[in-house]
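Colleague: I'm new to this one. Could you walk me through a few of its features?

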Amino acid sequence: MGTFYHLLRLLEKDPDVISCLSLTTLVRFIVLATNLKDDIILVLQSAAAPVSEPPAVLSPAFNAFLAAACSISPAQVHDAWSLLQGVVWNGAIDMDVSTLWTNDAQQKGFAEHSLYPPSHYCTQLGCRRGKQTLKKVEQREVVLITLAHGPCAAKAVQLYCQVCEVGYRHNYSVSGSVRTYYDEQPETIQVTDHVFMEQSVVELFKTAMDVSWTSATNCVRLYNICLSQGKRAPEGYCVKFEITGDHVWDAFVITALLEDCNRRMTSLKVPHTDVRRHYCDRCTRMYANDQGITTHKVSVVVVDGITVGHPCCSVYNCHIPLSNNHHRFCPTHSNHDGRCSIIACDLPVVRGRRTCSTPAHQHVEKTYELRGQSRFQLQECLARARVAHPNDAVGQDVEIAMLHAPEAEEEYELNDAGTLALPVLDSGGPTPVVDIGTTGGLTGQPTKRRLKAMFGRRRTHNEQLIVAPCGMIIARQTFFGAEGVASVVQFIKNVYAGDDTIKPDHIFFDNNCTLSKMVKDDPFFERIGLSVDVFHFNCKHSESDTYCQENCNPVNFPELLGDNGKGWRFNSSIAEQTNGWFGGYHSICREMLAHKYNFFCDELILRRNRRTEDRLRQDGYKPRRWPRQRL
């Protein structure tokens, strides 16, 4: 049917229809329409219509897109479709139309790569829909990591059977809390919610690891530098056109599990939960009209950080995991071990020391060593190691060598002669004089010349949590350098990207007065209220801060108030309460490497969420899930 001979016969049959169209326009029409076949099936007027036959008429959206892309009128699109629908439905013509997909299609909600489930029908045995195509749809913007064309903008589409309550995605189906991967997998693997990889890319990474000892970090560099072709995401696109080490490892694990199940002739089934879709009567308020019909809702989350973390690379904000928790630097920055520990000094260290040959730098190291051997410093180290709960309920003897150096930058002041180094306390003043054994008078007050040093390991800065007022932990992310407001903004956008259904209507954050200024022109936050929780607003925010009082005062948001304006409807202090629970694990996980740490924390959160949801159900708060967003 899709042969050139058949096309010629059609043109001879009705030459007036396409007499004013060039051959390039004609081929472009066929190629674009062929790529849209799955989308056209999706909007067929009748779900009972067979997918083997093309519709007689295109919907207005497809008509407008094809007219603009092919530079012809909507009437000509109608005529061309009437003549060529059989060719489009049964064959294709290869042609590079990548620029058209980038410029025209994205604006109208189409994409060159549409990652649909394998079938448009429900495949559950005994489904009452029979041969009716699935019409309940969720789609989101994703990036497709390809070998030949680099990263590409794509859309992932989920079809949902309302009868069987099963969702069908590109690689798997979801029923209840179980994800079942298809026995016959497509050539593209979903790695995360918004990242898909061609299997050829995954195989490249696995082969590189196998035969040339290439790390996941270097696989990332290989792709982002050489294979991405320098492509960048279109302006306003919600996903970056680059991969990370987590993407490489996730792809490795998923494909390895699929291959193992295939060899054992079984299906891969794993837990599937999306806590972002949780809501209940304690964290969400529904509003109804006089007829009892729900008109709108108010859902709330709280964002806060807790100082729990793991050892990380001493290079600021480096996310590459350590190979060993006694190392100071990751494999990529291991050459820094030979550099002076004084911040901003790149000179090589003296053999057996951690500073260079600069006398002032050596004096700082001597002071650090003397201070580290003193009784009060060892007590500080022990206190840091124990924190909230001991790692072992039985008292243990601890070797001095096992007490790690201070895991933060330290500041020192030098005297005029540069022979006296005094550590600067958090209060800003130097500690009492430490004699480093040099000659000369050491009684004078030190000058303001200061040096910063990093002798120990760095640790991640904090764990940022998004918590619903009912106690459900929605998301967690490790912040490596600091609790920057810009990082919090990106964290929120990453969690709720691509689905307005689950986006909260109000967010509590103790620094919302800064955050709200930063996002005032960001359309993502256009309909989200931003206020400071009641405790922090009353205790830590100045009454003279006009902007904060006018824009972030929770009293200014009536939806947060209780009945008749008395009290508060939502528990805005839930994050502080959750931090008390989460912080109790600090001494248990503080020496874990990154992968074990993340697995441990995620498992604890999953277990806590299950207990919380059971309690909410028992207390009558009706925990449930937001439905998937429709087209």
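**Hairpins, a sheet, helices and salt bridges**

Modeller: Sure, and keep in mind that this is a predicted model. Let's start with a hairpin: strand 5 and strand 6 have 2 residues between them, and there Gly 176 takes a positive phi near 65 degrees.

Colleague: Which residue is the bridge partner of Ser 173 in strand 6?

Modeller: Strand 5 runs antiparallel to strand 6 (residues 178-181), and 4 bridges join the two. Within that pairing, Ser 173 has as its partner in strand 6 Thr 180.

Colleague: And what about strand 4 and strand 5: how many residues does the hairpin between them go through?

Modeller: Strand 4 (residues 166-168) and strand 5 (residues 172-175) are antiparallel, with 3 bridges joining them. One of the pairs puts Gly 167 with Val 174 of strand 5. As for the hairpin that joins strand 4 to strand 5, the number of residues it goes through is 3.

Colleague: Let's jump along the chain to the open sheet with antiparallel pairing. Why is one side of strand 15 and of strand 16 left without a neighbour there?

Modeller: The sheet has 3 strands in the order 15-14-16, and its twist averages 35 degrees from one strand to the next. Strand 15 (421-423) and strand 16 (450-453) each have a single partner strand, so one side of each lacks a neighbour because of where they stand: at the edges.

Colleague: Which residue of strand 15 stands opposite Tyr 412?

Modeller: Look at strand 14 (residues 410-414), which runs antiparallel to strand 15 and is joined to it by 3 bridges. Facing Tyr 412 across in strand 15 is Pro 423.

Colleague: Now the helices. Is helix 8 roughly parallel or roughly perpendicular to helix 9?

Modeller: Helix 8 (residues 216-227) and helix 9 (residues 245-263) have axes that come within 8 Å and cross at roughly 110 degrees. An angle of 65 to 115 degrees falls in one class, so helix 8 lies, relative to helix 9, roughly perpendicular.

Colleague: How many charged residues does the contact of helix 8 with helix 9 have?

Modeller: From helix 8 come Ala 216, Cys 219 and Val 220, and they meet Gly 245, Val 248 and Trp 249 of helix 9. By class that gives 5 nonpolar residues and 1 polar, while the number of charged ones is none.

Colleague: On to salt bridges. Which residue is linked in a network with Asp 260 and Arg 263?

Modeller: Asp 260 and Arg 263 sit 3 residues apart in helix 9, which means about one helical turn separates them. Their side chains meet in a salt bridge at 3.9 Å, N to O. Asp 260 is partly exposed at 29% relative accessible area, whereas Arg 263 is exposed at 60%. The network of salt bridges that links these two also takes in Arg 264.

Colleague: Then there's the salt bridge of Glu 591 with Arg 590. Is Arg 590 buried or exposed?

Modeller: The closest N and O atoms of Glu 591 and Arg 590 are 3.4 Å apart. Glu 591 counts as partly exposed, at 26% relative accessibility. For Arg 590 the relative accessible area is 10%, and since buried means under 20%, Arg 590 is buried.

Colleague: One last thing: how many salt bridges does the count come to?

Modeller: Another example is the pair Lys 520 and Asp 521, with side chains meeting at 3.3 Å, N to O. Lys 520 is exposed at 60%, and Asp 521 is exposed too, at 66%. The count of salt bridges comes to 21.

Definitions and conventions: Residues are numbered from 1 along each chain as its sequence is written. This is a predicted model: local features need pLDDT of at least 70, side-chain atom pairs count only at pLDDT 80 or more; totals for chains, interfaces and linings use all residues. Side-chain values use heavy atoms; hydrogens and water are left out. Axes are lines fitted to C-alpha atoms, for helices over the stretch in contact, and angles run from 0 to 180 degrees between N-to-C directions. Angles under 35 degrees count as roughly parallel, over 145 as roughly antiparallel, 65 to 115 as roughly perpendicular and the rest as oblique. Contact means heavy atoms within 4.5 Å. Ala, Val, Leu, Ile, Met, Phe, Trp, Tyr, Cys and Pro count as nonpolar, Asp, Glu, Lys and Arg as charged, and the others, Gly among them, as polar. Two strands pair if DSSP finds at least two bridges between them. A salt bridge is a side-chain nitrogen of Lys or Arg within 4 Å of a carboxyl oxygen of Asp or Glu. Buried means under 20% relative accessible area, exposed over 50%, partly exposed in between (1.4 Å probe, protein chains only).
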